[in-house]
Amino acid sequence: MSSARNVLNIIIIICVCFNWGSANGAQKRESGEILTHTIELSSLFPSSSSPCVLSTRASNTKSSLHVTHRHGTCSSLTSDKATTSPDHAEILRLDQARVNSIHSKLSKKLTDRVRQSKSTALPAKDGSIFGSGNYVVSVGIGTPKRDQSLIFDTGSDLTWIQCEPCVQTCYSQKEPIFNPSSSSSYYNVSCSSAACTSLSSATGNSGSCSASTCVYGIQYGDQSFSVGFLAKEKFTLTSSNVFDGVYFGCGENNQGLFTGVAGLLGLGRDKLSFPSQTATTYNKIFSYCLPSSASYTGHLTFGTAGISRSVKFTPISTITEGTSFYGLDIVGITVGGQKLAIAPAVFSTPGALIDSGTVITRLPPKAYAALKDAFKAKMSQYPSASGVSILDTCFDLSGLKTVTIPKVAFSFSGGAVVELGSTGVLYAFKMAQVCLAFAGNSDDTNAAIFGNVQQQTLEVVYDGAGGRVGFSPNGCS
């Protein structure tokens with residue numbers, strides 16, 4: 001009987017392989033489950049003149065903000081010539097700088113520390129994480145409130161904005177730079193306060209004093225920085241979600257790749273992060289959906305409002321204890337319904353985290369090799385193309401209107417299985433160069449990072465109080 005079963009299994013495998021390129025373009029299990037995505041290639045190259053499509057979730061939820069791509073049709077920043085989108089090579093270069101900073105921070109190897117910029121007065125301590133921040137929300141700050149465009153970042157803690165007067169340098173931003181003297185709710189923080197003392201864990205640099213007022217300094221892995229006063233101010237998310245006395249940085253010396261935006265909204269796990277400061281209202285719970293293209297908005301929602309009942313949760317892992325990151329335990333990957341043969345230790349040894357600011361998901365070398373080989377085998381009907389930067393698995397889709405790709409799913413501890421959306425698998429440079437949107441780490445000990453391309457269209461839920469992160473499909477609707 002066992003030999004008969006083996007023969008039957010071989011026949012089934014052969015049939016499945018032949019059916020991959022069938023006329024309907026979609027492989028199915030016997031259960032009817034579709035194992036592929038068929039993508040209109042035009043959707044990978046949205047026109048800059050495309051109308052903005054607003055997220056109904058953000059429009060209809062009281063504690064929700066619209067999320068826009070920094071360089072997209074929906075962004076208020078795009079009319080500013082200074083915010084012209086960097087080319088893909090630059091995006092990927094900055095992405096690698098961010099990943100290097102994350103790995104350095106996790107490894108605590110002093111030799112990997114990013115060197116201090118000579119233009120700051122900051123000690124060369126543990127640099128904070130920043131790179132090509134892609135996603136922006138608008139938050140009202142002060143009384144009367146001034147709407148400020150902020151990059152939101154789960155890998156950062158301290159929220160800061162540019163402030164008048166600019167003592168040394170301020171980069172170009174779309175909105176008028178915030179003037180604290182025009183706000184009746186602004187207060188500087190004493191350098192003897194507990195909040196000033198806690199700057200060390202939030203920024204990697206201890207607070208200092210200027211006439212008894214607390215001075216913060218934060219530098220990022222790409223050499224961007226902000227220096228100014230730690231202050232308290234009123235933050236207005238929506239008309240019914242207003243918070244007095246939020247600690248933030250009022251930066252009077254700022255430089256780097258933030259051009260167009262007013263600053264940064266820190267969504268990490270430190271006690272100075274925005275979720276921690278609003279914990280009595282939202283219990284350290286927030287969720288977001290990153291839009292599928294630059295002509296759509298997503299949402300950033302605080303609290304439990306609107307969270308789908310279909311969310312699958314996985315515990316926050318211990319890899320990130322002592323840091324602001326949200327750790328994950330990856331236990332497996334499937335491609336086209338087939339689980340890849342990856343030893344558990346490949347994932348468990350380096351660990352993993354989720355990050356809103358990393359663009360391309362990074363995997364341990366052996367895991368990436370298995371993913372790449374399986375994906376290429378399923379895409380054998382498409383001619384290959386040369387790689388670009390960190391992306392080495394690319395295809396020439398010239399002359400085609402659609403492409404059929406295998407679905408990719410991640411399995412996390414606790415039983416959560418997350419199928420990536422159709423936009424979470426490919427990264428398109430041009431029709432003749434469409435690439436698998438994953439990269440391998442350079443070392444087996446470097447943590448995997450679940451990046452924002454793979455998060456697109458998913459509802460991602462951060463439950464800080466519950467110690468878990470959750471996922472569900474179709475999160476922007």
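In the predicted model, residue D153 is located in strand β4, which covers residues 146-153. This residue is one of the two positions, D153 and D355, that an unreviewed UniProt entry lists under "active site". The two positions span 203 residues in sequence, yet their C-alpha atoms are no more than 7.7 Å apart, so they gather at one spot. D153 has a relative accessible area of 2% and is therefore classed as buried, the limit for that class being under 20%. A polar atom of the D153 side chain lies 2.9 Å from the backbone nitrogen of G155.

The second annotated position, D355, is placed in a loop, between β18 (352-354) and β19 (361-363). Its relative accessibility is 0%, and D355 thus also counts as buried. When residues up to four places away in sequence are set aside, D355 touches R98, I102, D153, T154, G155, I449, F450, G451, N452 and Q455. The list of contacts thus includes D153, the other annotated residue, as well as G155, whose backbone nitrogen lies 2.9 Å from a polar atom of the D153 side chain.

Among the residues touched by D355 is F450, which also takes part in an aromatic pair. The model holds 24 aromatic pairs. In one of them, F410 and F450 meet edge-to-face, with 5.3 Å between the ring centres and 65 degrees between the planes. F410 belongs to strand β23 (residues 408-412) and F450 to strand β28 (residues 448-450), so this pair ties together parts of the chain that are 40 residues apart in sequence. Both partners are withdrawn from the surface by the accessibility criterion: F410 is buried at a relative accessible area of 0%, and F450 is buried at 2%. A further pair, Y427 with F429, is tilted, its centres 5.2 Å apart and its planes at 55 degrees. Y427 is buried at 9% relative accessibility, and F429 is likewise buried, with a relative accessible area of 16%.

Aromatic residues also gather in a cluster. F152, Y186, F235, F243, F248, F274, Y282, F286, Y288, F302, Y326 and Y462 form one aromatic cluster. F152 falls within strand β4 (residues 146-153), the strand that also holds D153. Y326, another member of the cluster, has the charged end of R269 over its ring, 5.9 Å from the ring centre. A second arginine in such a position is R468, which lies over the face of F313 at 3.6 Å from the ring centre.

Covalent links between cysteines were examined next. A disulfide is a covalent bond between the sulfur atoms of two cysteines. A search of the whole structure finds 7 disulfides, three of which are described here. In the link between C163 and C250, the sulfur atoms are 1.9 Å apart, and the angle of -105 degrees about the S-S bond makes the link left-handed. This pair joins distant parts of the chain, with C163 in the loop between β5 (160-162) and β6 (187-188) and C250 in strand β10 (residues 241-255), 87 residues apart. C163 and C250 are both buried.

In the disulfide of C196 and C214, the distance from sulfur to sulfur is 2.1 Å. The link is right-handed, with 85 degrees about the S-S bond. C196 lies in helix α4 (residues 194-197) and C214 in strand β8 (residues 213-219), so the pair ties a helix to a strand across 18 residues of sequence. These two cysteines, C196 and C214, are buried as well.

The disulfide between C394 and C435 has a sulfur-to-sulfur distance of 2.0 Å and is right-handed, at 100 degrees about the S-S bond. C394 lies in strand β21 (residues 394-395) and C435 in strand β26 (residues 433-436), so the link ties together two strands at positions 41 residues apart in sequence. C394 is buried with a relative accessible area of 2%, while C435 is buried at 0% relative accessibility.

Notes. Residues numbered from 1 in each chain as written. Predicted model: local features only at pLDDT ≥ 70, side-chain atom pairs only at ≥ 80, totals over all residues. Heavy atoms only, no water. Phe/Tyr/Trp six-rings, centres within 6.5 Å; stacked < 30°, edge-to-face > 60°. Helix = DSSP H or I, 4+ residues; strand = E, 2+ residues; numbered from the N terminus. Buried < 20%, exposed > 50% of the residue type's maximum accessible area, 1.4 Å probe, protein only. Lys NZ or Arg CZ within 6 Å of the ring centre and 35° of its normal. UniProt positions renumbered as here; feature names shortened; annotations may be inferred. Polar contact = N/O pair within 3.5 Å; in protein donor to acceptor, adjacent residues only side chain to side chain. Contact = heavy atoms within 4.5 Å. Disulfide = S-S within 2.5 Å.
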